[in-house]
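Here's a quick look at how two helices pack and where some charged side chains pair up. Have the structure open while you read.

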Amino acid sequence: GINAEYGGICMGEDYEFSGQRILELLGKAGKLLHECHLYEGVEEVSRLMSSMYKHKRDSKKLAEINRSMEKAYDEILRMGKNREMGCYFRVSFYGERFNELDRQTMIYKEKPFTKLPEISHEPL
């Protein structure tokens, strides 16, 4: 949990930021970015991981990272200019009318090319 004695720094096994833990988290981030079709982000995460694995001289992991980057670039090329990104909207709720949602903020993902007027009157 969060340790007030250390200025709010997260402590404990789940929050340990060893080199290995950072690599695990970056690996998860890369997979999630790929699933979301955010391939440019995959490249950035892979670049960070590559430098760490080069330092460790882990050729097997470097090969895995390069294959992941190749897949990401292949997807970018395959989609070309027709690449569709999801549209994200930040929606905040204010007022008693929203009950437990009052003062809550959520992120909604809509189909590509959705415009705000198209969803502004949709029921919650």
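What follows covers a helix pair first and then the salt bridges.

Bear in mind that this is a predicted model.

**The helix pair**

Let's start with α1, which spans residues 19-35, and α2, which spans residues 39-56. Their axes come within 9 Å and cross at roughly 155 degrees. An angle over 145 degrees counts as roughly antiparallel, so α1 and α2 are roughly antiparallel to each other. As for handedness, α1 goes past α2 in a left-handed crossing.

Who makes the contact? On the α1 side you'll find Gly19, Gln20, Ile22, Leu23, Leu26, Gly27, Gly30, Leu33 and His34. Facing them from α2 are Tyr39, Gly41, Val42, Val45, Leu48, Met49, Met52, Tyr53 and Lys56. Sort the contact residues of α1 and α2 by type and you get 11 nonpolar, six polar and one charged.

**The salt bridges**

How many salt bridges does the count come to? The count is four, and here are three of them, with the closest approach of nitrogen and oxygen for each.

| Pair | Helix | N to O distance |
|---|---|---|
| Glu24 and Arg21 | α1 | 3.4 Å |
| Glu44 and Arg47 | α2 | 2.4 Å |
| Arg78 and Glu75 | α3 | 2.8 Å |

Take the α1 pair to begin with. Arg21 and Glu24 sit three residues apart, or about one turn of the helix. Glu24 has a relative accessibility of 38%, so it counts as partly exposed.

Next up is α2, where Glu44 and Arg47 are likewise three residues apart, which puts about one helical turn between them. Is Glu44 buried or exposed? Neither, quite: Glu44 is partly exposed, with a relative accessible area of 39%. Its partner Arg47 is partly exposed as well, at 45% relative accessibility.

Last comes the pair in α3, the helix that runs over residues 59-79. Glu75 and Arg78 are three residues apart in α3, about one turn of the helix. How accessible are the two partners? Exposed means over 50% relative accessible area, so Arg78, at 59%, counts as exposed. Glu75, at 21% relative accessibility, counts as partly exposed. The cut-off for buried is under 20%, which is why Glu75 at 21% stays in the partly exposed class.

Terms used. Residues numbered from 1 in each chain as written. Predicted model: local features only at pLDDT ≥ 70, side-chain atom pairs only at ≥ 80, totals over all residues. Heavy atoms only, no water. Axes fitted to C-alpha atoms, helices over the stretch in contact; angles between N-to-C directions. Helix = DSSP H or I, 4+ residues; strand = E, 2+ residues; numbered from the N terminus. Parallel < 35°, antiparallel > 145°, perpendicular 65-115°, else oblique. Left-handed = near helix turned anticlockwise from the far one by under 90°. Contact = heavy atoms within 4.5 Å. Nonpolar A, V, L, I, M, F, W, Y, C, P; charged D, E, K, R; others polar. Salt bridge = Lys/Arg side-chain N within 4 Å of Asp/Glu carboxyl O. Buried < 20%, exposed > 50% of the residue type's maximum accessible area, 1.4 Å probe, protein only.
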